[in-house]
Amino acid sequence: MTFTAAPALSGSVAVPGDKSISHRSLMLSALAVGESRVEGLLEGEDVLATAAAMRAMGADIERDADGIWHIHGVGVGGLLQPETALDMGNSGTSTRLLMGLLASHDLTATFTGDASLSKRPMARVTEPLARMGASFTTSPGDRLPLTMRGACPAVPLDYRLPVASAQVKSAILLAGLNTPGITRVVEPIPTRDHSERMLRGFGAELDVEVEADETRIITLVGEAELKPQQIVVPGDPSSAAFPMVAALLVPGSQVTIANVGLNKTRAGLIDLLREMGGSIEVINPREVGGEPVGDLAVTASALKGVEPDPARAPSMIDEYPVAFIAAALAQGRSVFRGLEELRVKESDRIATMAAGLRAIGVTVEELEDGIIIEGSGGAPLAGGGPIATKLDHRIAMSFAVAGLVSRDGVMIDDMAPVATSFPTFVPLLRTLGALA
Ligand code: S3P
């Protein structure tokens, strides 16, 4: 698919539900006794992989005609042995969080995934979960396909996170749910806290202590009983990032993105774009389902280059690809560092973005832990392609945005991965007037 120079974008749109919150709402509902209802669930392939896995282990999950999801859980400790391998598709979050859940259940499960997921490192979860008693037979390099055997009873763990990863933190907390005693995770750099918020919402005894240096100490009392909940999932800030950057870059644009999650562990891109000179206004801030939410009014703006503090990385970890597109249109040079984690996402996002940016005429220097980008000062990018998206939804959407501000258009080799997180991406661009 080719994306070409767009006229000014306008209108009001809403993005689909938050992917992180959607996964967690299905998993915790599947462990509560009774019926939970989830509204605004992201119906993307990644979340549907989680739903299929929870069904395969005994949960009853139905979507009604109004789009509300009804989940009857099996109770903590009540998951059943799945009869076949759990196919995780492209979804690292499904894989790592479910490995945590299963680590304290007396069952054996095999996890498989697509070519992208099968390259991603799993030692970051198998290592702490093995300390809790689970055992793993992995493919070379601690990768998928892998088979695990959970331990029941598992041994509670006291663990200091060696990487800033909400997936690792969440895997350990989910394992702790069916483990006797207290599971403790020490998080030196804060990451998204949806698991903590939702575990509390479901009635788990979870405490968070924040030390003077921002280290977070999370304790969970095991053998928890979860009570069914009614959940409203806010719009995904990681999906809102694409229309937000598009509206800043396409001259004359004025766009509203309704109902976007604004949890501060996720809102780093908004801060960064504002520092670059972007006009983004939060309208009607409110709380929905225990998460801060607002509508974003975005006005096209001239941007300037930045050198963002690497400490901000976890709060915008999935937004770097589209932030690199913003930098490519900014005035001057941007230097991004401290981003080693981007190399183990759905693709190696430093290498994939560097190659794609070069292919559309941007001068970049790839660093081991980041990238240096020379901005065009607002002049359209040359364009070109095809861009190799490497089964990575966010690479596809980032270069689609670049196409809207290009001279010759940007061709994307494969838009199919967009269905993992943002199935309505192309129709949404059409609503804004971005597509011919
Ligand atoms: C996620 C955590 C992040 C993020 C991913 C979703 C989550 O991964 O990149 O898209 O829902 O916990 P890491 O924990 O690997 O940083």
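The following paragraphs lead through a predicted model, from its ligand to its helix pairs and then to some details of its backbone.

The ligand is a convenient place to begin. Its surroundings are formed by Lys19, Ser20, Arg24, Thr93, Arg96, Ser165, Ala166, Gln167, Arg192, Ile317, Asp318 and Lys345. Sorted by class, this shell consists of six charged, four polar and two nonpolar residues. Several atoms of the protein can be paired with oxygen atoms of the ligand. Lys345 places a polar side-chain atom 2.7 Å from a ligand oxygen. Two other residues do this through the backbone: a backbone N or O atom of Gln167 is 2.9 Å from an oxygen atom of the ligand, and a backbone N or O atom of Ala166 is 3.0 Å from an oxygen atom of the ligand. On its own, the ligand has 390 Å² of accessible area, and the protein covers 96% of it. Which elements give two or more residues to the shell? They are helix H1 (19–31), helix H3 (92–103) and helix H5 (166–177). Of the elements, H1 gives the most, with three residues.

Helix H3 also leads to the next topic, the packing of helices. Two packed helices are described by the angle between their axes and by the distance between those axes. For H3 and helix H4 (residues 123–131), the angle is about 10° and the axes are 10 Å apart. An angle under 35 degrees counts as roughly parallel, and H3 and H4 are therefore roughly parallel to each other. On the side of H3, the contact is made by Arg96, Met99, Gly100 and Ala103, while H4 supplies Arg124, Val125, Thr126 and Leu129. These residues divide into four nonpolar, two polar and two charged. Arg96 thus has a place in two lists: it belongs to the contact of H3 with H4, and it is also part of the surroundings of the ligand.

A second pair is made by helix H7 (residues 237–249) and helix H9 (residues 320–329), which pack at an angle of about 5° with their axes 10 Å apart. H7 is therefore roughly parallel to H9. Here Ala241, Phe242, Val245 and Leu249 of H7 meet Val322, Ile325, Ala326 and Leu329 of H9. What classes of residue make up the contact of H7 with H9? There are eight nonpolar residues, with no polar and no charged ones.

The strands offer a further view of the fold. Ile182 is located in strand E11 (residues 182–187). In sequence, Ile182 and Val155 are 27 residues apart, yet their C-alpha atoms are 9.4 Å apart in space. Leaving aside residues up to four places away in sequence, Ile182 touches Pro156, Leu157, Thr219, Leu220 and Val221.

The backbone itself deserves attention at the end. Most peptide bonds are trans, and most residues other than glycine have a negative phi. Three places in this model depart from these patterns. The peptide bond from Leu144 to Pro145 is cis, with omega near -5°, and Pro145 belongs to strand E9 (residues 143–149). Another cis peptide bond runs from Gly385 to Pro386, with omega near 5°; Pro386 belongs to strand E21 (residues 384–387). Finally, Glu214 is a residue other than glycine with a positive phi, near 80°. Where does Glu214 lie? Glu214 is in the loop between strand E12 (206–210) and strand E13 (216–221).

Technical notes: Residues are numbered from 1 along each chain as its sequence is written. This is a predicted model: local features need pLDDT of at least 70, side-chain atom pairs count only at pLDDT 80 or more; totals for chains, interfaces and linings use all residues. Side-chain values use heavy atoms; hydrogens and water are left out. Axes are lines fitted to C-alpha atoms, for helices over the stretch in contact, and angles run from 0 to 180 degrees between N-to-C directions. Helices (H or I, at least four residues) and strands (E, at least two) are DSSP runs, numbered from the N terminus. Angles under 35 degrees count as roughly parallel, over 145 as roughly antiparallel, 65 to 115 as roughly perpendicular and the rest as oblique. Contact means heavy atoms within 4.5 Å. Ala, Val, Leu, Ile, Met, Phe, Trp, Tyr, Cys and Pro count as nonpolar, Asp, Glu, Lys and Arg as charged, and the others, Gly among them, as polar. A residue is near a molecule or strand if one of its heavy atoms lies within 4 Å of it. A polar contact is a pair of N or O atoms within 3.5 Å; within protein, one must be able to donate a hydrogen and the other to accept it, and residues adjacent in sequence count only if both atoms are side-chain atoms. Accessible areas come from the Shrake-Rupley method with a 1.4 Å probe; for residues, only the protein chains shown count as cover.
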